Amino acid sequence: MNKFSRDEFIIIRITDYKDHKSIVKALGRRSGLISFSVNKHKNFKSKFTGKINKLNIINAELFHSEKHLYLSNINQTIHAPTIKNMQEYQNQQKLLMLLEKISQYKVENNIYETIYKIITKKLSLNTSLPILLCKIMHNLNIFEQDKRLHQANHLYINNKGIINNKEGPIKISTNTYKIIQFYIQNKIELCQRLKIHSENKYEIEFVFTHLLQTKYNTLVNFRNLNDIFNNIQLHNQTH
């Protein structure tokens, strides 16, 4: 039986086809990861013009046919923050990759709310992405702490994902460890005020990707993206 449903969605991916139809992959507040069709959204006469863009938030109605989902109406659109530089574009691509990967797991609503705040408050992805990674680590219970932990210049991660002393192959600085703890324990508005170095951001990404792969066998390849964008920047500097 055909029916309509309504939800709030964060748009993750848009695949366009020659017949002016597009398949949109989105993260729903209640629906989770979902795909639906939309027709001629790039036509200037379409009621969807300018609303179907990556990381836009739409309050939408979907029509359920026997085999497919179709976008029927958009009641409200919150546009994603404008990308101001190459670094923000790089982090946008990381966020889109991340949303698609983690949506297969049971991610609590507070993670959706964190992403919602990043978009609606126009927070810079340069500072908010490391915070989001820490929130997700905590939510998925992949960041654990050994009770025997004591102060050291560097800490280590073993295969169980526990941060401890010299019992694992992966090493991070104590400063990065403290930043992760701070991000986990505080609201994003307070976390945004903490200024961190690029080395800490890379270490947070490294910890996140390693633990996600160790515990969930899911690969989020930030390293390849970093290499691609570093090569682009190097090319621009030499020409």
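How many Å should the 15 residues of helix α3 span at 1.5 Å a residue, and how far apart are its end C-alpha atoms? The expected span for residues 125-139 is 21 Å, and the end C-alpha atoms are 20 Å apart, so the two values agree. The model described here is predicted.

**Helix α3 and its ends**

Of the 15 residues of α3, 13 are buried, so the helix is largely enclosed by the rest of the structure. At the N-terminal end, Ser-124 acts as a cap: one of its side-chain oxygens lies 3.2 Å from the backbone nitrogen of Asn-126. Just past the helix, Asn-141 has a positive phi of about 60°.

**Helix α4 and its packing on α3**

The same length check can be made for α4. Its 12 residues should span 16 Å at 1.5 Å a residue, and the end C-alpha atoms are 17 Å apart, which agrees. The buried residues of α4 include Thr-174, Thr-176, Ile-179 and Gln-181. Tyr-177 is also in helix α4. Its relative accessible area is 7%; a residue under 20% counts as buried, so Tyr-177 is buried. Tyr-177 and His-154 are 23 residues apart in sequence, while their C-alpha atoms are 9.0 Å apart in space.

Helices α3 and α4 pack with their axes 8 Å apart and at an angle of about 75°. That angle makes α3 roughly perpendicular to α4. On the α3 side the residues that meet α4 are Pro-130, Ile-131, Cys-134, Lys-135, Met-137 and His-138; on the α4 side they are Ile-180, Tyr-183 and Ile-184. These three α4 residues are buried.

**A residue in a loop**

Gln-192 lies in the loop between α5 (188-191) and α6. Is Gln-192 buried or exposed? With a relative accessible area of 18%, Gln-192 is buried. Apart from neighbours within four places in sequence, Gln-192 is in contact with Leu-123, Ser-124, Thr-127, Ser-128 and Ile-131. Among these contacts, Ser-124 is the residue that caps the N-terminal end of α3, and Ile-131 is one of the α3 residues that meet α4.

**The sheet of four strands**

Four strands form an open sheet in the order β6-β8-β7-β9, and the pairing is mixed. The edge strands, each pairing on one side only, are β6 (144-145) and β9 (170-173). Strand β6 runs parallel to β8 (residues 162-164) and is joined to it by 2 bridges. In this pair, Glu-144 stands opposite Ile-162. Helix α4 (residues 174-185) packs on the sheet, where it touches β6, β7 (154-157), β8 and β9, and its direction makes about 80° with that of β9. Helix α6 (residues 198-216) also packs on the sheet; it touches β6, β7 and β9, and its direction makes about 145° with that of β9.

**Pairings of strand β1**

Strand β1 (residues 3-16) pairs with β4 and with β2. The table sets out these pairings beside that of β6 with β8.

| Strand pair | Bridges | Direction |
|---|---|---|
| β1 and β4 (residues 57-64) | 8 bridges | antiparallel |
| β1 and β2 (residues 21-28) | 7 bridges | antiparallel |
| β6 and β8 (residues 162-164) | 2 bridges | parallel |

Within these pairs, Ile-10 of β1 stands opposite Ile-57 in β4, and Ile-14 stands opposite Val-24 in β2. Strands β1 and β2 form a hairpin with 4 residues between them. In the turn, His-20 has a positive phi of about 70°.

Technical notes
Residues are numbered from 1 along each chain as its sequence is written. Side-chain values use heavy atoms; hydrogens and water are left out. The expected span of a helix is 1.5 Å times one less than its number of residues. Buried means under 20% relative accessible area, exposed over 50%, partly exposed in between (1.4 Å probe, protein chains only). A polar contact is a pair of N or O atoms within 3.5 Å; within protein, one must be able to donate a hydrogen and the other to accept it, and residues adjacent in sequence count only if both atoms are side-chain atoms. Two strands pair if DSSP finds at least two bridges between them. Contact means heavy atoms within 4.5 Å. Axes are lines fitted to C-alpha atoms, for helices over the stretch in contact, and angles run from 0 to 180 degrees between N-to-C directions. Angles under 35 degrees count as roughly parallel, over 145 as roughly antiparallel, 65 to 115 as roughly perpendicular and the rest as oblique.
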